Amino acid sequence: MAITVHPVTSTFVAEVCDVDLSKPLPAEDLAAIKSAFWKYAVLIFPGQELTQQQHLDFGRQFGRVESGRIVDNTQQKSRFGNEFSDVSNLDAEGRIWEADSRQREYKAANRLWHTDSSFRFTPGMCSLLYARSIPPVGGQTEFTDERAAYDALDAATRARLAELIGEHCLATSRRLGGFSRFTDEEYQRAERVPQLLVRTVPESGRKTLYLAAHVGGIYDMPEKESAGLLQQLMAHATQRQFVHSHRWREKDLVMWDNRCTMHRGMEYDDLRWARDMRRVTIADAGNSCELAGVKLPARYLAAVAAAVVGKTTAPTAEY
Ligand SMILES: [Fe+2]
(Lines give C-alpha, C1' and ligand atoms only; values in the text may rest on other atoms or scores of the structure.)
Protein backbone atom coordinates (compact mmCIF):
# COMPACT_ATOMS: atom_id res chain seq x y z
CA MET A 1 0.00 0.00 0.00
CA ALA A 2 1.34 3.40 -0.93
CA ILE A 3 1.86 6.03 1.75
CA THR A 4 -0.92 8.50 2.42
CA VAL A 5 -0.36 12.20 3.11
CA HIS A 6 -2.89 14.18 5.14
CA PRO A 7 -2.14 17.91 5.06
CA VAL A 8 -3.04 20.11 8.03
CA THR A 9 -3.19 23.14 5.74
CA SER A 10 -2.68 23.29 1.99
CA THR A 11 0.96 24.34 2.41
CA PHE A 12 2.12 23.63 5.98
CA VAL A 13 2.37 20.44 8.06
CA ALA A 14 1.16 17.02 6.98
CA GLU A 15 0.68 13.67 8.67
CA VAL A 16 2.09 10.71 6.78
CA CYS A 17 0.43 7.32 7.28
CA ASP A 18 0.65 3.82 5.87
CA VAL A 19 4.40 3.75 6.17
CA ASP A 20 6.77 1.79 8.41
CA LEU A 21 9.99 3.75 8.83
CA SER A 22 11.74 0.83 10.54
CA LYS A 23 12.08 -0.90 7.17
CA PRO A 24 13.89 0.14 3.99
CA LEU A 25 11.44 2.23 1.99
CA PRO A 26 10.47 1.50 -1.60
CA ALA A 27 11.89 4.22 -3.86
CA GLU A 28 8.46 5.56 -4.72
CA ASP A 29 7.54 5.95 -1.01
CA LEU A 30 10.77 7.79 -0.25
CA ALA A 31 10.18 10.05 -3.24
CA ALA A 32 6.64 10.76 -2.05
CA ILE A 33 7.90 11.58 1.46
CA LYS A 34 10.53 13.95 0.10
CA SER A 35 8.03 15.61 -2.17
CA ALA A 36 5.65 16.11 0.77
CA PHE A 37 8.49 17.39 2.92
CA TRP A 38 9.53 20.09 0.46
CA LYS A 39 5.91 21.18 0.20
CA TYR A 40 4.71 21.03 3.84
CA ALA A 41 8.04 21.56 5.71
CA VAL A 42 6.81 19.60 8.77
CA LEU A 43 5.87 15.90 8.53
CA ILE A 44 4.35 13.82 11.32
CA PHE A 45 4.74 10.04 11.20
CA PRO A 46 2.52 8.53 13.91
CA GLY A 47 2.94 5.13 15.53
CA GLN A 48 6.53 4.38 14.52
CA GLU A 49 8.48 1.62 16.30
CA LEU A 50 12.06 2.72 15.83
CA THR A 51 15.37 1.63 17.23
CA GLN A 52 18.11 4.23 17.33
CA GLN A 53 19.68 2.64 14.28
CA GLN A 54 16.43 2.75 12.31
CA HIS A 55 15.93 6.38 13.31
CA LEU A 56 19.42 7.17 12.03
CA ASP A 57 18.97 5.14 8.85
CA PHE A 58 15.80 7.02 7.95
CA GLY A 59 17.48 10.37 8.63
CA ARG A 60 20.49 9.51 6.48
CA GLN A 61 18.27 9.41 3.42
CA PHE A 62 18.10 13.21 3.66
CA GLY A 63 21.83 13.92 4.03
CA ARG A 64 24.75 13.84 6.41
CA VAL A 65 23.94 13.38 10.08
CA GLU A 66 25.41 16.05 12.34
CA SER A 67 27.68 14.37 14.83
CA GLY A 68 29.91 15.31 17.70
CA ARG A 69 26.89 16.25 19.71
CA ILE A 70 27.31 16.78 23.39
CA VAL A 71 24.78 17.92 25.91
CA ASP A 72 26.63 21.17 26.45
CA ASN A 73 30.19 22.29 26.74
CA THR A 74 30.67 20.53 30.04
CA GLN A 75 31.35 17.67 27.62
CA GLN A 76 28.75 15.40 29.12
CA LYS A 77 27.94 12.88 26.40
CA SER A 78 24.43 12.36 25.04
CA ARG A 79 22.72 9.29 26.45
CA PHE A 80 22.34 8.03 22.90
CA GLY A 81 25.76 8.65 21.34
CA ASN A 82 27.09 11.64 19.52
CA GLU A 83 24.74 11.48 16.54
CA PHE A 84 21.71 12.09 18.77
CA SER A 85 20.49 15.09 20.68
CA ASP A 86 18.81 14.25 23.93
CA VAL A 87 15.82 16.58 24.05
CA SER A 88 14.61 15.12 27.34
CA ASN A 89 14.27 16.23 30.93
CA LEU A 90 16.34 13.22 32.01
CA ASP A 91 19.88 12.99 33.34
CA ALA A 92 22.60 10.68 32.04
CA GLU A 93 21.09 7.78 34.02
CA GLY A 94 17.60 8.41 32.67
CA ARG A 95 16.17 9.95 35.85
CA ILE A 96 14.09 13.14 35.82
CA TRP A 97 16.46 16.04 36.35
CA GLU A 98 16.76 18.00 39.57
CA ALA A 99 15.24 21.47 39.90
CA ASP A 100 18.65 23.12 40.04
CA SER A 101 20.39 21.00 37.41
CA ARG A 102 22.61 22.67 34.87
CA GLN A 103 20.84 20.82 32.05
CA ARG A 104 17.49 22.20 33.10
CA GLU A 105 18.76 25.75 32.99
CA TYR A 106 20.67 25.10 29.79
CA LYS A 107 17.70 23.65 27.92
CA ALA A 108 15.29 26.36 29.08
CA ALA A 109 16.15 28.18 25.86
CA ASN A 110 14.42 25.36 23.92
CA ARG A 111 11.23 27.24 24.77
CA LEU A 112 12.31 30.17 22.64
CA TRP A 113 11.55 30.23 18.93
CA HIS A 114 14.56 28.85 17.10
CA THR A 115 15.83 26.69 14.30
CA ASP A 116 18.32 23.91 15.01
CA SER A 117 22.06 24.46 14.62
CA SER A 118 21.90 27.82 12.84
CA PHE A 119 24.76 28.82 15.15
CA ARG A 120 26.93 26.33 13.30
CA PHE A 121 28.67 27.59 10.17
CA THR A 122 26.99 24.76 8.28
CA PRO A 123 23.56 24.79 9.91
CA GLY A 124 20.96 22.06 10.29
CA MET A 125 18.87 21.27 7.22
CA CYS A 126 16.26 19.11 8.92
CA SER A 127 15.65 17.50 12.28
CA LEU A 128 13.90 14.24 13.11
CA LEU A 129 12.54 14.05 16.64
CA TYR A 130 11.19 10.80 18.06
CA ALA A 131 8.98 10.61 21.15
CA ARG A 132 9.58 7.68 23.50
CA SER A 133 7.51 9.04 26.35
CA ILE A 134 5.54 12.24 26.73
CA PRO A 135 3.91 14.15 29.57
CA PRO A 136 0.12 13.81 29.81
CA VAL A 137 -0.31 17.59 29.82
CA GLY A 138 1.70 20.25 28.00
CA GLY A 139 5.02 19.75 26.25
CA GLN A 140 3.69 20.42 22.74
CA THR A 141 6.06 21.59 20.04
CA GLU A 142 4.97 24.64 18.07
CA PHE A 143 6.14 25.22 14.52
CA THR A 144 5.95 28.41 12.50
CA ASP A 145 6.08 28.69 8.73
CA GLU A 146 8.69 31.29 7.83
CA ARG A 147 7.93 30.97 4.11
CA ALA A 148 4.38 32.14 4.70
CA ALA A 149 5.71 34.86 7.00
CA TYR A 150 8.06 36.03 4.24
CA ASP A 151 5.24 36.00 1.67
CA ALA A 152 3.20 38.24 3.98
CA LEU A 153 5.87 40.96 4.19
CA ASP A 154 5.37 44.12 2.20
CA ALA A 155 7.60 44.79 -0.79
CA ALA A 156 9.64 47.50 0.94
CA THR A 157 10.52 45.20 3.83
CA ARG A 158 11.44 42.38 1.47
CA ALA A 159 13.74 44.73 -0.42
CA ARG A 160 15.30 45.92 2.82
CA LEU A 161 16.03 42.37 4.00
CA ALA A 162 17.58 41.10 0.78
CA GLU A 163 21.11 39.90 1.48
CA LEU A 164 21.16 41.08 5.09
CA ILE A 165 23.27 38.78 7.23
CA GLY A 166 22.13 37.73 10.68
CA GLU A 167 24.72 36.86 13.32
CA HIS A 168 23.83 33.57 15.03
CA CYS A 169 25.47 32.58 18.28
CA LEU A 170 24.60 29.89 20.80
CA ALA A 171 25.47 32.22 23.66
CA THR A 172 22.77 34.66 22.49
CA SER A 173 19.93 32.18 22.94
CA ARG A 174 21.39 30.82 26.19
CA ARG A 175 21.47 34.31 27.61
CA LEU A 176 17.91 34.99 26.45
CA GLY A 177 16.79 31.72 27.99
CA GLY A 178 18.28 32.67 31.34
CA PHE A 179 21.31 30.39 31.31
CA SER A 180 23.93 32.04 33.47
CA ARG A 181 26.54 29.35 33.97
CA PHE A 182 28.82 29.96 30.99
CA THR A 183 32.25 31.16 31.98
CA ASP A 184 33.72 34.23 30.27
CA GLU A 185 36.02 31.94 28.34
CA GLU A 186 33.07 29.85 27.15
CA TYR A 187 31.26 32.96 25.98
CA GLN A 188 34.32 34.07 24.06
CA ARG A 189 34.58 30.70 22.34
CA ALA A 190 31.02 30.99 21.06
CA GLU A 191 31.60 32.27 17.53
CA ARG A 192 29.18 34.59 15.77
CA VAL A 193 28.18 32.73 12.62
CA PRO A 194 26.80 34.50 9.52
CA GLN A 195 23.51 33.32 7.99
CA LEU A 196 21.25 35.12 5.53
CA LEU A 197 18.09 36.62 7.01
CA VAL A 198 16.21 35.64 3.86
CA ARG A 199 17.07 32.49 1.99
CA THR A 200 15.58 30.33 -0.73
CA VAL A 201 14.75 26.67 -0.24
CA PRO A 202 16.11 25.10 -3.43
CA GLU A 203 13.68 22.17 -3.64
CA SER A 204 10.57 24.36 -3.58
CA GLY A 205 12.05 27.62 -4.84
CA ARG A 206 10.27 29.42 -2.00
CA LYS A 207 11.84 32.35 -0.22
CA THR A 208 11.78 32.28 3.56
CA LEU A 209 12.82 34.21 6.60
CA TYR A 210 15.63 32.54 8.54
CA LEU A 211 15.31 33.68 12.13
CA ALA A 212 16.08 32.19 15.55
CA ALA A 213 16.66 33.15 19.15
CA HIS A 214 20.31 32.59 18.25
CA VAL A 215 20.37 35.81 16.17
CA GLY A 216 21.86 38.64 18.18
CA GLY A 217 22.64 41.18 15.49
CA ILE A 218 22.80 42.01 11.81
CA TYR A 219 26.08 42.53 10.01
CA ASP A 220 26.98 46.18 9.43
CA MET A 221 23.89 47.52 11.21
CA PRO A 222 23.96 49.50 14.46
CA GLU A 223 22.79 47.45 17.42
CA LYS A 224 19.82 49.66 18.23
CA GLU A 225 18.55 49.38 14.68
CA SER A 226 19.15 45.65 14.33
CA ALA A 227 17.55 44.86 17.70
CA GLY A 228 14.35 46.62 16.69
CA LEU A 229 14.25 45.03 13.26
CA LEU A 230 14.89 41.53 14.63
CA GLN A 231 12.22 41.94 17.25
CA GLN A 232 9.70 43.09 14.65
CA LEU A 233 10.52 40.21 12.33
CA MET A 234 10.27 37.65 15.13
CA ALA A 235 6.89 39.04 16.18
CA HIS A 236 5.72 38.97 12.57
CA ALA A 237 6.93 35.41 11.90
CA THR A 238 5.31 33.93 14.98
CA GLN A 239 1.79 35.26 14.53
CA ARG A 240 -0.79 32.57 15.10
CA GLN A 241 -1.81 32.27 11.47
CA PHE A 242 1.66 30.90 10.69
CA VAL A 243 1.83 28.51 13.68
CA HIS A 244 0.93 24.86 14.11
CA SER A 245 1.00 23.28 17.57
CA HIS A 246 1.85 19.59 17.64
CA ARG A 247 0.40 17.57 20.50
CA TRP A 248 2.77 14.62 20.85
CA ARG A 249 1.73 10.99 21.04
CA GLU A 250 4.19 8.27 22.02
CA LYS A 251 6.02 6.89 18.98
CA ASP A 252 5.49 9.98 16.85
CA LEU A 253 8.41 10.83 14.64
CA VAL A 254 8.24 14.45 13.52
CA MET A 255 10.62 15.95 11.00
CA TRP A 256 10.92 19.60 10.09
CA ASP A 257 12.85 21.74 7.66
CA ASN A 258 15.13 24.00 9.70
CA ARG A 259 15.73 26.26 6.71
CA CYS A 260 12.18 27.59 6.63
CA THR A 261 10.53 26.87 9.99
CA MET A 262 11.12 27.74 13.63
CA HIS A 263 9.94 25.70 16.59
CA ARG A 264 9.72 25.89 20.35
CA GLY A 265 8.88 23.46 23.13
CA MET A 266 5.97 24.37 25.38
CA GLU A 267 5.74 24.24 29.15
CA TYR A 268 4.98 21.08 31.11
CA ASP A 269 5.65 19.85 34.63
CA ASP A 270 9.20 18.79 33.94
CA LEU A 271 9.95 17.83 37.54
CA ARG A 272 7.06 15.37 37.54
CA TRP A 273 6.71 13.81 34.08
CA ALA A 274 9.37 12.24 31.89
CA ARG A 275 9.52 13.62 28.40
CA ASP A 276 11.92 11.30 26.61
CA MET A 277 12.72 12.60 23.13
CA ARG A 278 15.70 12.04 20.90
CA ARG A 279 16.67 13.92 17.80
CA VAL A 280 18.76 13.34 14.72
CA THR A 281 19.76 16.44 12.77
CA ILE A 282 20.81 16.43 9.13
CA ALA A 283 23.36 19.04 8.08
CA ASP A 284 22.59 21.57 5.38
CA ALA A 285 24.51 21.57 2.09
CA GLY A 286 26.56 24.55 3.30
CA ASN A 287 26.44 27.93 4.97
CA SER A 288 23.38 29.90 3.85
CA CYS A 289 25.48 32.84 2.61
CA GLU A 290 27.80 30.61 0.63
CA LEU A 291 24.94 28.62 -0.90
CA ALA A 292 23.42 31.90 -2.14
CA GLY A 293 26.76 33.17 -3.47
CA VAL A 294 26.86 36.06 -0.98
CA LYS A 295 30.43 37.03 -0.18
CA LEU A 296 31.25 36.67 3.49
CA PRO A 297 32.58 39.77 5.22
CA ALA A 298 36.11 39.39 6.59
CA ARG A 299 34.84 39.45 10.17
CA TYR A 300 33.57 35.89 9.75
CA LEU A 301 36.73 34.37 8.34
CA ALA A 302 37.60 32.76 11.68
CA ALA A 303 34.29 30.92 11.57
CA VAL A 304 34.99 29.89 7.98
CA ALA A 305 38.48 28.65 8.87
CA ALA A 306 37.12 26.64 11.80
CA ALA A 307 34.55 25.02 9.53
CA VAL A 308 37.16 24.21 6.88
CA VAL A 309 39.40 22.33 9.28
CA GLY A 310 36.39 20.50 10.69
CA LYS A 311 36.38 22.22 14.04
CA THR A 312 33.90 24.60 15.44
CA THR A 313 34.87 27.13 18.03
CA ALA A 314 31.29 27.39 19.15
CA PRO A 315 30.12 24.93 21.78
CA THR A 316 28.60 22.06 19.79
CA ALA A 317 25.62 21.84 22.01
CA GLU A 318 22.37 20.19 21.19
CA TYR A 319 19.65 22.66 20.54
FE1 LIG B 1 15.22 22.70 18.56
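Two strands are said to pair if DSSP finds at least two bridges between them, and helices (H or I, at least four residues) and strands (E, at least two) are themselves DSSP runs, numbered from the N terminus. This is a predicted model, in which local features need pLDDT of at least 70 and side-chain atom pairs count only at pLDDT 80 or more, while totals for chains, interfaces and linings use all residues. Residues are numbered from 1 along each chain as its sequence is written.

A good place to start is the open sheet of seven strands, whose order is S1-S2-S3-S13-S5-S15-S4 and whose pairing is mixed. Strand S1 (4-7) and strand S4 (85-86) stand at its edges with a single partner strand each, so one side of each is left without a neighbour in the sheet. At the S4 edge, S4 and S15 pair in the antiparallel sense over two bridges, and Ser-85 has Arg-279 of S15 as its bridge partner. At the S1 edge, S1 and S2 run antiparallel and are joined by four bridges, with Val-5 bridged to Val-16 in S2. The hairpin that these two strands form has six residues between them, and in it Val-13 takes a positive phi near 75 degrees.

Helix H1 (residues 27-40) lies across S1, strand S2 (14-17), strand S3 (42-45) and strand S13 (253-257), and runs at about 130 degrees to S3; here axes are lines fitted to C-alpha atoms, for helices over the stretch in contact, and angles run from 0 to 180 degrees between N-to-C directions.

Attention can now turn to the loop between strand S14 (261-265) and strand S15 (276-283), where Arg-275 is found. Is Arg-275 buried or exposed? Arg-275 is buried, because 21 other C-beta atoms lie within 10 Å, and the term buried asks for 20 or more such atoms within 10 Å of the residue's own, with C-beta atoms placed from the backbone. Arg-275 and Ile-134 are 141 residues apart in sequence, yet their C-alpha atoms are 4.5 Å apart in space. Leaving aside neighbours within four places in sequence, Arg-275 is in contact (C-beta atoms, placed from the backbone, within 7 Å) with residues including Ser-88, Ile-134 and Asp-270.

In the largest nonpolar core (buried Ala, Val, Leu, Ile, Met, Phe, Trp, Tyr and Cys residues joined through C-beta atoms within 7 Å), which has 55 residues, Val-42, Leu-43 and Leu-209 touch the most other members. S5 gives the most to this core, with six residues.

Definitions and conventions
A residue is buried if 20 or more other C-beta atoms lie within 10 Å of its own, exposed if 12 or fewer, and partly exposed in between; C-beta atoms are placed from the backbone. Two residues are in contact if their C-beta atoms, placed from the backbone, lie within 7 Å.
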